[in-house]
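Here's a friendly walk through a protein model for anyone meeting it for the first time. Have a look at the picture, then read on.

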Amino acid sequence: MTKFAQLRSLLQPLPAAALVLLGAAVTLAGAWTFQSLGFEPCELCLKQRYPYYAALPLATAAIFLARNAPPYAARLLLALLAVIFVASAVVGGYHAGVEWKFWPGPTDCTGDFVKPASMEDFRRQMETTRIIRCDEVSLRILGLSLADWNVLVSAGIALVAALGATAPKKS
């Protein structure tokens, strides 16, 4: 039996759902911690949190179903979580590409400065607008931005969820 097959047989729906829940909770706690330390998230950073927010109740439900329902119920939720986190990795990759200047990002957080028509417009704009740019990295950890890390974490969570959804049934 290969190492991958051994891992796959160990990650039954219950432990896989618990790992997804733990991974999502720890990732959100980390994001909130960095934000509380003054690293303000951009619009894309905030959108990248949605899969983690969705994972909390879905993984909790998968844990409940793995214990109390037919096996396919938890496996179905784990498959859904795998799809959600593959999409999360894609969005994280898009954001990382914006940060690395591989392609332009959304204009609402990377667009060019538009000169105000008057000094009064400028004052009003200064009082009401605070843009956190999506194409500038505010923090790197081990050389990777938080968007880069999101790609890795999302892919890892997607793999765990997929393994849990497709694990061979224990006899």
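## A serine tucked away in H8

Ser154 counts as buried, because its relative accessibility is 0%, and anything under 20% falls in that class. Keep in mind as you look around that this is a predicted model.

Where does Ser154 sit? Its home is helix H8, which covers residues 146-166. Setting aside neighbours within four places in sequence, Ser154 is in contact with Tyr52, Phe85, Ser88 and Ala89.

## The whole chain at a glance

Stepping back, the protein chain has eight helices and two strands. Read from the N terminus, the order goes α-α-α-α-α-α-α-β-β-α, so to speak in shorthand. There are 171 residues in the protein chain, and 34% of them count as buried.

The accessible surface of the protein chain adds up to about 10300 Å², with 69% of that belonging to carbon and sulfur atoms. As for who touches whom, take the contacts between residues at least 6 apart in sequence: 76% of these join residues at least 24 apart.

## A buried arginine without a partner

Now for Arg49, found in the loop that runs between helix H3 (43-47) and helix H4 (50-68). Arg49 is buried, yet it has no salt bridge. Which side chain of opposite charge is nearest to Arg49, and how far away is it? That would be Glu40, at 7.9 Å. A salt bridge would need the charged atoms within 4 Å.

What Arg49 does have is a polar contact of 2.9 Å, side chain to side chain, with Gln35. Beyond its neighbours within four places in sequence, Arg49 is also in contact with Leu28, Ala31, Trp32 and Pro41, as well as with Gln35 itself.

## Leu28, on the other side of that contact

One of those contacts, Leu28, belongs to helix H2 (residues 13-36). Buried or exposed? Leu28 is buried, because its relative accessibility is 2%.

Leaving out residues up to four places away in sequence, Leu28 touches Arg49, Tyr52, Tyr53 and Leu56. Take Tyr53: it is 25 residues from Leu28 along the chain, and the C-alpha atoms of the two are separated by 7.9 Å. Tyr52 turns up here as a contact of Leu28, and it is also a contact of Ser154.

## The loop between H5 and H6

Trp100 lies in the loop between helix H5 (71-99) and helix H6 (107-110). Its relative accessibility is 41%, so it counts as partly exposed. Trp100 joins Tyr94, Phe102 and Trp103 in a nonpolar patch on the surface, and together they have about 450 Å² of accessible area.

Lys101 is in the loop between H5 and H6 too. It is exposed, because its relative accessible area is 54%, and the cut-off for that class is over 50%. Lys101 also has a positive phi, about 65°, although it is not a glycine.

## One salt bridge

How many salt bridges does the structure hold? Just one. It pairs Arg140 with Asp148, and their closest N and O atoms are 3.9 Å apart.

The two partners fall into separate classes. Arg140 is partly exposed, because its relative accessible area is 38%, while Asp148 is buried, because its relative accessible area is 11%.

Definitions and conventions. Residues are numbered from 1 along each chain as its sequence is written. This is a predicted model: local features need pLDDT of at least 70, side-chain atom pairs count only at pLDDT 80 or more; totals for chains, interfaces and linings use all residues. Side-chain values use heavy atoms; hydrogens and water are left out. Helices (H or I, at least four residues) and strands (E, at least two) are DSSP runs, numbered from the N terminus. Buried means under 20% relative accessible area, exposed over 50%, partly exposed in between (1.4 Å probe, protein chains only). Lys and Arg count as positive and Asp and Glu as negative; His and the chain ends are not counted. A polar contact is a pair of N or O atoms within 3.5 Å; within protein, one must be able to donate a hydrogen and the other to accept it, and residues adjacent in sequence count only if both atoms are side-chain atoms. Contact means heavy atoms within 4.5 Å. Patches are made of residues with over 30% relative accessible area and no salt bridge: like charges are joined within 9 Å, nonpolar side chains (Val, Leu, Ile, Met, Phe, Trp, Tyr) within 5 Å. Accessible areas come from the Shrake-Rupley method with a 1.4 Å probe; for residues, only the protein chains shown count as cover.
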